[in-house]
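Please open the structure in your viewer and keep the sequence panel visible. The tour proceeds by selections, each followed by a description of what is found there.

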Amino acid sequence: MKKRYLVTAALPYANGPLHIGHLAGAYLPADIYVRYLRLMGRDVVFVCGSDEHGAAITVKARKEGTTPQAIVDKYHAILRDTFEKIGISFDIYHRTSAPIHHATSQDFFRKLNNNGEFIEETTEQYYDETAGQFLADRYIVGTCPVCANPEAYGDQCERCGSTLSPTDLIEPKSMLSGSVPVKRPTKHWFLRLDKHEAWLREWINTGKVDGKQLHHPADWKNHVLGQCNSWLDQGLQPRAMTRDLEWGVDVPPEIPGSEGKKLYVWLDAPIGYISATKQWAQDHGKNWELYWKNPDTRLVYFIGKDNIVFHCLIFPAILKAHGDFILPVNVPANQFLNLEGRKLSTSKNWAVWVHEYCAEFAGQEDALRYNMVKRCRSRATASLPGRVFRKPTTTNW
Ligand SMILES: [Zn+2]
């Protein structure tokens with residue numbers, strides 16, 4: 001029987017085009033791996049799609065004076081076309097605004113809720129009194145407690161890569177009005193990550209769950225294991241899986257108190273891999289469950305390093321809490337690519353855009369792919385087109 005693989009590449013946010021850091025970090029390594037598997041005659045499905053929810057989208061819509069829908073429609077088309085031009089051979093490039101994705105995500109929430117995986121808790125969240133709304137983590141900026149970056153977001157510092165909570169920020173400010181946010185009570189559903197800590201620790205470090213060898217940690221990258229263990233060593237806390245937002249997947253309406261609540265984007269986005277596989281199966285007369293529920297399937301997530309804890313701890317906890325799903329056999333996360341010494345960033349508009357390269361150097365897509373791969377394999381300075389790459393870029397690996 002053919003060995004079966006499901007390979008996923010991180011869902012890009014539909015709030016900007018693709019840059020070379022995305023390409024080098026997740027999509028190109030995944031594409032090379034998948035092409036190799038296909039040449040070896042394996043049964044492989046390669047899925048991806050646009051992540052169209054989350055405050056990064058609404059922040060962009062606000063900045064551009066338009067709607068979140070217009071933003072995701074625009075960037076989904078750009079992303080899809082760019083992947084095609086640069087030759088990333090997805091079996092499906094889906095989107096999280098699709099009805100099948102909303103339904104799949106809501107089913108997950110229901111199942112976790114019925115399984116008693118959530119605790120409902122009223123907590124104090126930042127609220128902007130001028131704008132009259134609760135503030136998503138991304139709508140709060142302040143100073144990073146780790147590296148003192150004055151432009152850190154409420155969920156993450158883009159300079160040092162630390163994952164943050166809004167209350168970690170020093171001198172927080174609302175991005176909506178510039179005012180100092182106040183705390184107000186609101187109810188949310190928290191996933192009991194603490195309940196999953198023990199098996200996650202064993203799974204990450206030995207590859208075993210309930211005595212079964214599911215992967216070999218020696219195959220995993222050291223920095224991936226290191227980041228997971230540093231989280232585990234701090235102890236996993238219950239994590240809110242809902243938000244007060246206007247854009248996203250609704251908390252299932254039959255659940256009391258769900259009005260105005262949306263699923264946390266880090267709950268719905270990885271489920272996007274599943275809904276993309278479902279759509280692919282529907283389109284091709286295949287059985288999606290073979291790829292997500294059969295223990296013979298090898299599931300591999302290609303991601304950038306800022307997504308490690310979500311793919312190695314939080315999403316596996318969600319899959320195990322659901323009960324029917326397999327876990328990844330590897331999560332090859334890459335370090336960041338720098339451009340002139342600074343991390344590439346869509347939100348800070350610091351990048352070389354792949355669609356611009358494709359437009360300017362039509363027919364030379366493989367030259368970029370080759371150079372990115374060479375660059376990722378060694379620190380050698382490859383000769384890249386001077387007009388696109390003014391200075392040699394540096395890589396961390
Ligand atoms: Zn920082």
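The stops below treat the domains, their interface, two sheets and a salt bridge.

The model is predicted, so to speak of local features a pLDDT of at least 70 is required, side-chain atom pairs count only at pLDDT 80 or more, and totals for chains, interfaces and linings use all residues. Residues are numbered from 1 along each chain as its sequence is written, and side-chain values use heavy atoms, with hydrogens and water left out.

**The two domains**

Select residues 4–115 together with 264–395 and colour them as domain 1; then select 118–187 as domain 2. These bounds come from an automatic or database domain assignment. The C-alpha centres of the two domains are 26 Å apart. In the contact between them (heavy atoms within 4.5 Å), 13 residues belong to domain 1 and 10 residues to domain 2.

**The interface**

Display the surface where domain 1 meets domain 2. About 1200 Å² is buried here, 56% of it on carbon and sulfur atoms; buried area is the accessible area (1.4 Å probe) that two parts lose on being put together, summed over both. Next, select V59, R62 and K348, which supply 34% of the area that domain 1 buries against domain 2, more than any other three residues.

Which elements give two or more residues to the side of domain 1 that touches domain 2? They are α2 (55–64) and α4 (99–114); helices (H or I, at least four residues) and strands (E, at least two) are DSSP runs, numbered from the N terminus. Helix α2 gives the largest share, five residues.

Zero salt bridges are counted between the two domains, a salt bridge being a side-chain nitrogen of Lys or Arg within 4 Å of a carboxyl oxygen of Asp or Glu.

**The four-stranded sheet**

Now select the strands β5, β4, β9 and β12, which in that order form an open sheet with antiparallel pairing. Two strands pair if DSSP finds at least two bridges between them. Strands β5 (133–134) and β12 (239–240) stand at the edges, each with a single partner strand, so one side of each has no neighbour in the sheet. Strand β4 (residues 118–128) joins β5 over two antiparallel bridges. To see one bridge, select D128 and its partner in β5, Q133.

**The three-stranded sheet**

Move to the open antiparallel sheet with the order β7-β6-β8. Its edge strands, β7 (152–153) and β8 (170–174), each pair on one side only. Strand β6 (residues 140–143) pairs with β8 over three antiparallel bridges; select T143 and I170 to view a bridge between partners.

**A salt bridge**

The structure as a whole holds 21 salt bridges. For one of them, select R95 and D73, whose closest N and O atoms are 2.8 Å apart. Because R95 lies in strand β3 (residues 92–95) and D73 in helix α3 (residues 68–85), the pair ties together parts that are 22 residues apart in sequence.
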